[in-house]
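Please open the structure in your viewer and keep the sequence panel beside it, since each stop on this tour begins with a selection and then describes what is found there.

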Amino acid sequence: MEIDETIIWLSEIAQSFGAHRLVIDSFYAFLSRIDNTAVLNEKFYNLVSYLNRLNYTTLLLGPSLELSGARKTEAIHSTVQGSILLKSTMMQNRRVRQLELYKMRGVNHVMGNHLLEINTSGVQVFPRLGG
Amino acid sequence: MSKAYFGIEGLDRSLENGVSYGSQIAVVGDSGIGKTVMAGEFIKEGLRCGDTCIYVACDEPPTAMREHLQSFKVGTPAYEEMGRLIFIDAYEESGSTEKYVISDHRHLVKYYALEKEVLHSYAGHRVRLVADSLSTLLTMVDTAEILEFHRTRLKHLRKSGILTMDIFVSGVLDPQVMTITGHLYNLILKMSFSSSRYSPIRQLQIGKVKSQQFVSSRHIFTISPIYGILVYADMGVGE
């Protein structure tokens, strides 16, 4: 199926449910088919602007963009309203999860890495010290 | 605004104006000098004058402090039931039966989050907070993170009007960290053994009182099993 068709098809399904929130897990699954960065940027832009028009709040999940090459990353970050990076790093020989609010357009936010835990209550974030 | 005291006569006499709520006190002392006894006296005094007391147990389980207070004839169950005495277990990483437990000692943000949560639930009360010993929690953490933690935490405690006593074991933290940290506290108490090899003597010294005049001479003190810390009048010892 064409990428453009997929975008329209996804939107129609969401519309048929009267949804206000949409989660795409993961957007990279279909955009990864595109090798050309310029085309990828265009398709991603189309996807986001289409969803904006439909007034959905969309959570686009994807693999670590750092692994995907800087040019792809920058285009995607500039198109969306906010970017949240989830990381897994080694600290004192133990692996910890961290969350970084990389971008939040028009919203004052605490930058840097925040400790993230997954527990019985769900996801818990501990804001980093310093504010 | 009311002033607080330690409940240790000789020390309170040296601090005629007492300490304000919202002040931070650093107690720095050798291992075995009596820092926990001082913490116990501080809590006992707080309970006596109507404060809500929060004790963070880092070096021993909270039960040890309960027993310690009971040895000074302070029955803890009644105060705990009334919500006037609260223990935070920062000793057991798992298997604690306490209501408030720090399950992961590596992340100061988690400690800070729990401490804030507990303090928030006692907002509007006159609160004393004792962390015994805070240096234990900081041993596995980078210097930059320790300093950030102190700055953020102490600012919050000051703003919230919490009378705080943080205990540090001498020599555990880097001297440079201790010097920078010391600047953030209103009052510093130093407890040490005298250099006498044959008859060690306990000594107490006021190291700093922010914006106040104070006498920094050392005072000999002993620990009585009945009366707790007994500070002797200044005899110019160690000068």
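**The two domains of chain A**

Begin by colouring the two domains of chain A separately: the centres of domain 1 of chain A and domain 2 of chain A, taken over C-alpha atoms, are separated by 23 Å. Domain 1 covers 1–80 and domain 2 covers 82–131, with bounds that come from an automatic or database domain assignment.

Before going further, note that this is a predicted model, in which local features need pLDDT of at least 70 and side-chain atom pairs count only at pLDDT 80 or more, while totals for chains, interfaces and linings use all residues. Residues are numbered from 1 along each chain as its sequence is written, and chains are lettered from A and ligands numbered from 1 in the order in which they are written.

**Chain A as a whole**

Select chain A and switch to a cartoon view, where the secondary structure comes to 4 helices and 6 strands; helices (H or I, at least four residues) and strands (E, at least two) are DSSP runs, numbered from the N terminus. Followed from the N terminus, the elements of chain A run α-β-α-α-β-α-β-β-β-β. Along the principal axes, the C-alpha atoms of chain A fill a box of roughly 45 × 35 × 30 Å. Of the 131 residues of chain A, 8% count as buried, where buried means that 20 or more other C-beta atoms lie within 10 Å of the residue's own, exposed means 12 or fewer, and partly exposed lies in between, with C-beta atoms placed from the backbone.

**The sheet of chain A**

Next, select strands 3 to 6 of chain A, which form an open sheet of 4 strands in the order 3-4-5-6 with antiparallel pairing. The edge strands are strand 3 and strand 6 (122–126) of chain A, each of which pairs on one side only. From one strand to the next the twist averages 35°, with axes being lines fitted to C-alpha atoms, for helices over the stretch in contact, and angles running from 0 to 180 degrees between N-to-C directions.

Strand 3 of chain A and strand 4 (residues 94–104) of chain A are joined by 10 bridges in the antiparallel sense; two strands pair if DSSP finds at least two bridges between them. One place to look is Ser83(A), whose bridge partner in strand 4 of chain A is Lys103(A).

Now centre on Lys87(A), which has its place in strand 3 (residues 82–91) of chain A. Is Lys87(A) buried or partly exposed? Lys87(A) counts as partly exposed because it has 13 C-beta neighbours inside 10 Å. Apart from its neighbours within four places in sequence, Lys87(A) is in contact with Gln98(A), Glu100(A) and Asn113(A), contact meaning that the C-beta atoms of two residues, placed from the backbone, lie within 7 Å.

**Where the chains meet**

Show both chains together and select the contact, which takes 7 residues from chain A and 11 residues from chain B.

**Strand 3 of chain B**

Move to chain B and select strand 3 (residues 24–29), which is largely enclosed by the rest of the structure because 6 of its 6 residues are buried. Gln24(B), Ala26(B) and Val28(B) point one way from this strand, Ile25(B), Val27(B) and Gly29(B) point the other way, and all are buried.

Strand 3 of chain B runs parallel to strand 8 (residues 163–169) of chain B, to which 6 bridges join it, and the bridge partner of Val27(B) in strand 8 is Ile167(B). Strand 3 of chain B also runs parallel to strand 9 (residues 187–193) of chain B, with 5 bridges, and here Val28(B) stands opposite Lys190(B).

**Strand 5 of chain B**

Select strand 5 (residues 85–89) of chain B, of whose 5 residues 5 are buried. Leu85(B), Phe87(B) and Asp89(B) lie on one side and Ile86(B) and Ile88(B) on the other, so that both faces are covered.Strand 4 (residues 52–57) of chain B pairs with strand 5 of chain B in the parallel sense over 5 bridges, among them the one between Ile54(B) and Ile86(B). Strand 6 (residues 100–101) of chain B also runs parallel to strand 5 of chain B, joined to it by 2 bridges, and Asp89(B) stands opposite Val101(B) there.

**The nonpolar cores**

Finally, display the largest nonpolar core, which has 58 residues; such a core is a set of buried Ala, Val, Leu, Ile, Met, Phe, Trp, Tyr and Cys residues joined through C-beta atoms within 7 Å. Those with the most contacts inside the core are Val27(B), Tyr55(B), Val56(B), Ala57(B), Ala90(B) and Val130(B). A second, separate core of 8 residues includes Phe27(A), Leu40(A), Phe44(A) and Leu47(A).
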